[in-house]
Amino acid sequence: MRGVLAIGAHVPPGDPLAEAGARKADCVQIFLSNPQGWKAPTPRADADALNASSVPIYVHAPYIINVASANNRIRIPSRKNLEQTFAGAEAIGAAAVIVHGGHVAEPGDVENGFARWRKCLEQLETTVPLYIENTAGGDHAMSRRIDTIARLWEALDGIDVGFCLDTCHAHAAGEELVDCVDRVLAATGRIDLVQLNDSKDDAGSGRDRHENLGKGKIKPELLVEVVRAAGAPVICETPGETADHAADIAWIRERI
């Protein structure tokens with residue numbers, strides 16, 4: 001591992017260890033199935049090798065999961081798919097599973113959304129940590145604004161759940177990055193992973209469009225300060241191919 005913090009990237013899932021090596025990454029993040037579909041992950045032939053590796057592998061759950069929804073046709077498949085994702089993550093010895101906070105359809109249903117999250121986690125049986133990630137948009141989102149995240153964490157009191165801070169999402173949500181880490185820690189007590197992404201759009205846009213580090217609308221010094229203040233492993237979810245990801249990893253390594 002290079003330096004104080006593990007720094008890596010989201011990579012294609014076929015051979016994550018080779019992808020890590022090509023990017024000089026300390027850790028990687030992958031999908032185990034189609035991020036826009038309900039299909040369960042298929043068993044991996046390289047499960048033993050992934051378990052034996054010293055490279056931490058984070059699993060991002062499908063984007064469509066929304067365990068906060070009042071709609072049974074969304075919430076029930078979401079719970080099932082989350083369970084299947086965790087089973088796949090356990091099989092490869094994953095460091096954690098990251099899942100978006102989701103949303104409800106009506107402002108009056110937000111508290112019920114928190115309760116649905118609690119019920120989901122109380123029923124989830126797994127040895128792999130779960131990290132809830134902040135999201136960029138949505139009028140009634142569970143984890144867009146830090147004050148709402150604080151309310152979610154109050155509803156989840158007593159449950160061991162981690163937090164993943166995405167810098168592009170926080171910027172898009174209109175959260176000031178200058179003191180974002182302190183405010184998240186006040187809300188959750190922890191930051192377990194930083195998804196370090198620049199943004200193609202202005203602050204408060206609500207648009208989830210990632211950009212390579214130092215090339216977007218977020219001041220470079222703010223990206224660096226988030227990493228320093230959080231003190232958590234870093235995954236770059238930035239555009240491009242191997243060389244682009246390697247450049248982003250090198251960019252943040254040079255600055256911390």
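A pocket, as I use the word today, is an open set of grid points with protein on both sides within 12 Å along at least five of seven lines. Keep in mind that this is a predicted model.

Let me start with the second largest pocket. Its volume is about 170 Å³. Which residues line the second largest pocket? One run of names is L121, L124, T126, V128, P129, L130 and Y131. Then come I159, D160, V161 and G162, and finally R190. By class, that lining has eight nonpolar, two polar and two charged residues.

Now the largest pocket. About 230 Å³ of space lies there. Its lining is made of 14 residues, and the closest to the centre are Y63, H100, G102, H103 and T135. What is the make-up by class of this lining? Eight residues are polar, five are nonpolar and one is charged.

On to enclosed space. How many cavities of 30 Å³ or more does the structure hold? One. The largest cavity has about 40 Å³ of space. Around it sit N134, R144, I146, I149 and F163. L165, A170, E175, C180 and V184 complete the lining.

Where do those residues come from? Three elements each supply at least two of them: helix α5 (146-155), strand β6 (162-166) and helix α7 (180-188). By class, the cavity lining counts seven nonpolar, one polar and two charged residues.

To recap: the largest pocket has about 230 Å³, the second largest about 170 Å³, and the largest cavity about 40 Å³.

Note on methods:
Residues numbered from 1 in each chain as written. Predicted model: local features only at pLDDT ≥ 70, side-chain atom pairs only at ≥ 80, totals over all residues. Heavy atoms only, no water. 1 Å grid on protein atoms, 1.4 Å probe; cavity = no way out; pocket = protein on both sides within 12 Å on 5 of 7 lines; lining within 4 Å. Points joined across faces, edges and corners; volume = space filled by probe spheres on them. Nonpolar A, V, L, I, M, F, W, Y, C, P; charged D, E, K, R; others polar. Helix = DSSP H or I, 4+ residues; strand = E, 2+ residues; numbered from the N terminus.
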